[in-house]
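Biologist: Please take me on a close look at the packing in this model. I would like to go residue by residue and then on to the spaces left between them.

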Amino acid sequence: MPTTETETQLPPSRLLLLLGVAVSLMHLWFNVGIVLSSLWQNSLHFAGFALMASLVYPLRKNPTLVWKGLDILLGLLAAGSAIYLIASEDAIYARGVRMVPAEWIAGIILILCALEFTRRVAGWFIPVLILVALSYVGWWGGEISGVFRFAGLRPETILFRSIYGDDALFGTIAGISSSYVFMFILFGAFLLRSGAGEFVIDLARAVAGKMVGGPGLVAVMASGLMGTISGSAVANTASTGVVTIPLMKRAGFPAKFAAGVEAASSTGGQLMPPIMGAGAFVMATYTQISYNTIVVVSILPAILYFATVGFFVRIEAKRSYVNALDNEDVSALEVFKKGGIVFLLPIAVLIGLLIYGYTPTYAAGISIVAVVVASWFSPNRMGPKAVIEALAMGAQNMVMTAILLCAVGLVVNVIATAGIGNTFSLMINEWAGHSLVIAIGLIALASLVLGMGLPVTAAYIVLGTLSAPALHALISDGLLVDALVNGQIPEAAKAIFMLASPEHLAQIGNPMTAPVARSIVDAIPVDMAGMVREAVLTPHALTYALLSAHLIVFWLSQDSNVTPPVALAAFTAAAISGTKPMATGFQSWKLAKGLYIVPLLFAYTPFIGGSWADDFTIFFFALFGLYAFAAALEGFMEMRIGFWVRLLTFGCAGALLWPAPWWVHLAGLAALAGLFVSNWRESRRAPTGPPAMSV
């Protein structure tokens, strides 16, 4: 008897709900409850999400029961192989790291399933990259010449390291996925289910709705606040865009611009503390710098990014004569009274626990409880049904990320095993000619290429592994040059300089010019550079140089959300606005220029790791510099600006953004103020209202 479409849909839906709840409870159990070995935790993590992926991403659209059964069988094979191999770990070691045929079969099935599920959730790019990487260490690495030649490993060694290695399928990155990332995505699911998403949009409309360009500023503000919940650009775009994009279009913004604003703002959600997407947790693990530190130093840069998008919105609002929202009579206080506790209490609990020293996973677990409790004081009370739905939603929202983060470990494992990261870093140094700005440009280009096939987090992992060491070295060398220029060389370091650069020993410890200091640093042999940096620079300076390097890579990795030809957030916004995807992508790319400008502050100023006075001074001048950049790029302030004024405005942006003496910044600010006031006065004398249509 043939089955109807309803009959084929119901069983997987119920199964997916139950499986999502079970997976979420399992993660709560080993993140907040018991202490489980990392291999067991990560294998259970992969097993659960492999099963879910078989249902969420079926092989065929609208599959029959037979095909659904085959999908579930594949998920069971992946889950069973993962658990079996981890259970066999002690036996494999007891045999001298030798695998019996059953373990070979399970290992091959596991990797093939990982490839297939990765293909389903993200396309062919990552599976092909994994196959290229595995074949490199097993075969063709020994067939090539040059710096990337690799003698090769036995198939058994490759299989063993791909599963049990520190950076493998169940390694460090899978551990980040199974702990930090999952717990915060689950926290976001509870917040959304409690009604916090509606509160965010209502608050943004109440605060920004009446401002110039209010509907666009609502999108910027709502996406920034939503980023504290989701940490996903595409999810951010889909959830807030259905409200903000029609709102902007009704007010008079061009449809393409409205979609671009939403995509650019939602991309910034991954830069907005405290969640910052999955990348912040990867960064904390890679750098061994506390998650709290990363979050704190990221607050002001994130504000700069959203301010940049806001400046573009204001300029376009003036140019397009956009209307303010005329139906926003609800005050921010009334919005807070209605639902603010659902959003603010859990966030306050989370931040308080993190500041107090609790682990991020424990803080997220307690904050989930705080969401449920807070909802009892709002119109949207969460009962057992809502809790179950939130548990299922959190697991379903995690499927793609979990599969990708586990699978990309296979690539990172090859990079670590073959030493490709060190080789690539040396090549960046050589190509850049010790120039930090050229190195950043090369990494931005590599990020753009990787972003065509890799999601943001995976792109950051691969790019950070390959290029962050080179950036760290270049930033540290810049600090070393400053120390030499000022003559601030410890006595103990002079002995190391005697070995590293004996011809310059007489100059060490005395003030010198920057070119001379740079020549000394460039002459230090590569194998001694690390020793010299550690001898001259403080641990604080080296730590924040490392963090600056990773933040640069992290920010540049976000551009795949808004940069054609693959711009997932922009394409999502285009679908909502009804505009062409590629045109929307270029629009969002223009609006997201902060992704490229703010990282330069990380590289050339003490914006990361400086004193609070330094940070706020840099922030203050950069804020005006970003406005000047946006105005010069658009050729518009309060009204259109001419060619020469536009050039002067670009000059003001450079004076405000580039590291320079304080008087240069003040001169740039004074010049910008003069240009703005002059333009404002001219706009007051100009006719008001939109220009007449030409016939």
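**A close look at the packing**

Modeller: Let's start with leucine 70, which lies in helix H3, residues 65-87. Please keep in mind that this is a predicted model. Leucine 70 is partly exposed, with 43% relative accessible area. Leucine 59 is 11 residues away along the chain, and the C-alpha atoms of leucine 70 and leucine 59 are 8.9 Å apart.

From here we can turn to the inside. The largest nonpolar core holds 204 residues, and Phe46 and Phe49 have the most contacts inside it. Helix H18 is the top contributor to this core, giving 19 residues. Phenylalanine 46 is a good place to stop and look around: beyond its neighbours within four places in sequence, it is in contact with Ala78, Ala82, Leu110, Ala114, Phe170, Ile403 and Cys406. There is also a second, separate core of 21 residues, whose members include Phe497, Ile520, Val521 and Ala529. As general background, nonpolar side chains tend to be buried together in soluble globular proteins.

Next, look for gaps in the packing. The count comes to one cavity of 30 Å³ or more, and the largest cavity has a volume of about 50 Å³. Its lining is made up of Val137, Leu153, Ile158, Arg161, Ser162, Asn413, Val414 and Thr417. Helix H7 (155-164) and helix H18 (384-418) are the elements that give two or more residues to that lining. H18 therefore turns up twice on our walk, as the element that gives the most to the largest core and as part of the wall of this cavity. Sorted by class, the lining of the largest cavity has four nonpolar, three polar and one charged residues.

The second largest pocket offers another view, with a volume of about 680 Å³. Thirty residues would be a lot to list, so here are those nearest its centre: of the 30 residues that line the pocket, these are Ile475, Gly478, Leu479, Asp482 and Ala603. At least two lining residues each come from helix H20 (436-451), helix H21 (456-486), helix H25 (539-557) and helix H28 (594-604). H21 has the largest share, at eight residues. The classes in this lining are 17 nonpolar, 11 polar and two charged residues.

H25 deserves a second stop, as histidine 550 sits in this helix. The relative accessible area of histidine 550 is 5%, so this residue is buried, the cut-off being under 20%. Not counting residues up to four places away in sequence, histidine 550 touches Met283, Tyr286, Thr287, Tyr460, Gly464 and Ala468.

Now for a helix with a clear inner side. Helix H26 spans residues 568-577, and its buried residues are Ala569, Ala570, Ala573, Ala574 and Ser577. Viewed down the axis of H26, these residues fall within an arc of 140°, so they line one face of the helix. Their cover includes helix H11 (233-251), helix H12 (255-268) and helix H27 (581-591). Glycine 578 comes after H26 and has a positive phi, near 80°.

Two further buried residues bring distant stretches of the chain into one picture. Threonine 308 lies in helix H15, residues 299-320, and counts as buried because its relative accessibility is 1%. Leaving out residues up to four places away in sequence, threonine 308 touches Gly594 and Leu626. Alanine 628 belongs to helix H29, residues 612-634, and is likewise buried, at 0% relative accessibility. Threonine 308 and alanine 628 are 320 residues apart in sequence, yet 9.9 Å separate their C-alpha atoms in space. Alanine 628 has its own contacts beyond four places in sequence: Thr649, Cys652, Ala653 and Leu672.

Finally, two loop residues are worth checking for their backbone angles. Most residues other than glycine have a negative phi. Valine 97 is not a glycine, but has a positive phi of about 55°. This valine 97 is in the loop between helix H4 (89-94) and helix H5 (101-122), and is partly exposed at 30% relative accessible area. Glutamine 288, also not a glycine, has a positive phi of about 60°. Glutamine 288 is found in the loop between helix H13 (279-287) and helix H14 (291-297), and counts as exposed at 66% relative accessibility.

Terms used
Residues are numbered from 1 along each chain as its sequence is written. This is a predicted model: local features need pLDDT of at least 70, side-chain atom pairs count only at pLDDT 80 or more; totals for chains, interfaces and linings use all residues. Side-chain values use heavy atoms; hydrogens and water are left out. On a 1 Å grid over the protein atoms alone, a cavity is a set of points where a 1.4 Å probe fits but cannot get out, and a pocket is an open set with protein on both sides within 12 Å along at least five of seven lines; lining residues have an atom within 4 Å of a point. Grid points are joined across faces, edges and corners, and a volume is the space filled by probe spheres set on the points. Helices (H or I, at least four residues) and strands (E, at least two) are DSSP runs, numbered from the N terminus. Ala, Val, Leu, Ile, Met, Phe, Trp, Tyr, Cys and Pro count as nonpolar, Asp, Glu, Lys and Arg as charged, and the others, Gly among them, as polar. A nonpolar core is a set of buried Ala, Val, Leu, Ile, Met, Phe, Trp, Tyr and Cys residues joined through side-chain atoms within 4.5 Å. Buried means under 20% relative accessible area, exposed over 50%, partly exposed in between (1.4 Å probe, protein chains only). Contact means heavy atoms within 4.5 Å. The arc is that of the directions from the helix axis to the C-beta atoms.
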